[in-house]
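Welcome! Let's take a friendly walk through a protein model, from its charges and overall build to a few chosen residues.

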Amino acid sequence: MAEPRIERILGRRVWDSRGRPTVEAEIVLDNGVRGRAIAPAGASTGTHEAVELRDGGAAFDGLGVDRAVASVNGEIAAALGSMPIGDQRAIDRRLIELDGTPTKVRLGGNATIAVSMAALHAAAAAVGEPLWRMLAEGGTARLPMPMVQIFGGGAHAGRRVDIQDFLIIPVGATSFDEALTMAARVYQAAGKVMADRGRLRGVADEGGWWPEFTSNAEALDRLLEAIERAGLLPEDEIGIAIDVAASQFHGGGRYRLAVDGAELESEALIELLTGWCARYPIVSIEDPVAEDDDGGMTFFTSTLGHRIQIIGDDYLVTSAARVAAAAARGACNAVLLKPNQAGTVTETKAALAAARNAGWRTVVSARSGETEDVTIVHLAVGWNAGQLKVGSFARSERMAKWNEGLRIEAAMGTAGGFARWGTG
Ligand code: PGA
Ligand code: ZN
């Protein structure tokens, strides 16, 4: 039987979890099989990541995606037409060459990632396999350890507090299902902790409780309280993670923590974070310093890298080259993998390979603007990434991902594995 080929590519505007326009791509093969995917969108984007092509102008505050949708329906559909669906690398290479810019600014990273992920889905459908299993290529596939946001902050909560994410990692869990059960308990307990203080104000962009706190550290106190109230053991069962997203409050060489009324140099910020690590059961910190603070990141890693996971998000932007360069200077020991930061699936996988090569851990991640698309869950399982960060434990664009993980775990049955904490 001849290998199925791409017959048509359809781009359309759909809407994300913030009610903003985003790009959906659908690929139709010559045997009638289809694959579909939707681009997510960040709010605290890194300077070096693939560019979301937005229309500008008055409509939708400039966030329209008509040009990116036109890229899909026009140039991309023409260039990829009749390519065999089984060669993802060739498809992505064609996308990269067609765009011709380092940051996908011409066609739009939102156009290229939607098409690239749609191609993956079409390829899996064509061979009649679940996507995660196709991605595993016969190797190990494991459910990832979830990293679950409990309080939102930073750019996702009107900058009510400076730190962007206060999260938990159910380090004591022995299955994905058990990990989510533990996360659910902490999430609900955190809601009660806030309600008891008269500070329940709904949820932030990724579903975490709105951060009505008097200081950044108070969020950590309340998180600890929520873990205990849920009847779980801090450290042994639940570890704390934070995404500082420090670029968001960095300027002129200084870090401005508005809720704490503090303006700090890099060393002082690192001292503050180091102090938190001594006081709280923190097992992971993301973007502790700004994306261009190489000295700070190397210093931070040399100070705490032997004890905790140090993730580069804005700092590494899912770039294999940036991962390799950071590893060479001793900055970070883990990478956040967001496919739309790279712009294609193949480049995302290259960043994962670079991280593995450096002996790092890998965390597949959603964006703050999401949809029902669950591709990243399959990437995390099929690539055996080890960890998955998709936001909090509320709002269906988040729950769609957690629930997809449960379906995959059930489908794997007893043969399935789970990336317990400390096993990569
Ligand atoms: P973003 O935030 O999607 O708004 O960039 C997520 C993160 O920083 O991890
Ligand atoms: Zn981040």
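Let's begin with charge. The protein carries 43 positive and 54 negative side chains, and the centres of these two sets lie 2 Å apart. Keep in mind that this is a predicted model.

**Overall build**

Now for the whole molecule. Its secondary structure consists of 13 helices and 16 strands. Along the principal axes, the C-alpha trace spans about 60 × 50 × 45 Å. How does the radius of gyration fit with a compact globule? For 424 residues such a globule would have a value near 22 Å, and the protein has 21 Å, so the two agree.

Of the 424 residues, 60% count as buried. The accessible surface comes to about 15,300 Å², and carbon and sulfur atoms make up 49% of it. Looking at contacts with a separation of 6 or more, 70% of them join residues 24 or more positions apart.

**The zinc ion**

Which residues are the protein donors of the zinc ion (ligand 2)? They are Asp 243 (OD), Glu 286 (OE) and Asp 313 (OD), at 2.0 to 2.2 Å from the ion. Written as a sequence pattern, their spacing is D-x42-E-x26-D. Asp 243 sits in strand β7 (residues 239–243) and Glu 286 in strand β11 (residues 282–286), so that this pair, 43 residues apart, links distant parts of the chain. Are these two residues buried or exposed? Both Asp 243 and Glu 286 are buried.

**Two loop residues**

Next, look at two residues that lie in loops. Ala 358 is placed between α11 (345–357) and β14 (361–365), while Arg 201 is found between α5 (176–196) and α6 (216–229). Here are their accessibilities:

| Residue | Relative accessibility | Class |
|---|---|---|
| Ala 358 | 34% | partly exposed |
| Arg 201 | 47% | partly exposed |

Why does Arg 201 count as partly exposed? Its relative accessibility is 47%, and the partly exposed class runs between the buried limit of under 20% and the exposed limit of over 50%.

Distances along the chain and in space are worth viewing together. Ala 358 and Ala 324 are 34 residues apart along the chain, and their C-alpha atoms are separated by 7.3 Å. Arg 201 and Ala 25 are 176 residues apart in sequence, with 36 Å from C-alpha to C-alpha. Leaving aside residues up to four places away in sequence, Arg 201 touches Trp 210 and Glu 212.

Technical notes
Residues numbered from 1 in each chain as written. Chains lettered and ligands numbered in written order. Predicted model: local features only at pLDDT ≥ 70, side-chain atom pairs only at ≥ 80, totals over all residues. Heavy atoms only, no water. Helix = DSSP H or I, 4+ residues; strand = E, 2+ residues; numbered from the N terminus. Rg over C-alpha atoms; globule rule 2.2 N^0.38 Å. Buried < 20%, exposed > 50% of the residue type's maximum accessible area, 1.4 Å probe, protein only. Contact = heavy atoms within 4.5 Å. Areas by Shrake-Rupley, 256 points an atom, 1.4 Å probe, with all protein chains shown as cover. Lys, Arg positive; Asp, Glu negative; His and termini not counted. Charge placed at Lys NZ, Arg CZ, Asp CG, Glu CD. Donors = N, O, S within 2.8 Å, 3.2 Å for Na, K, Ca; no water.
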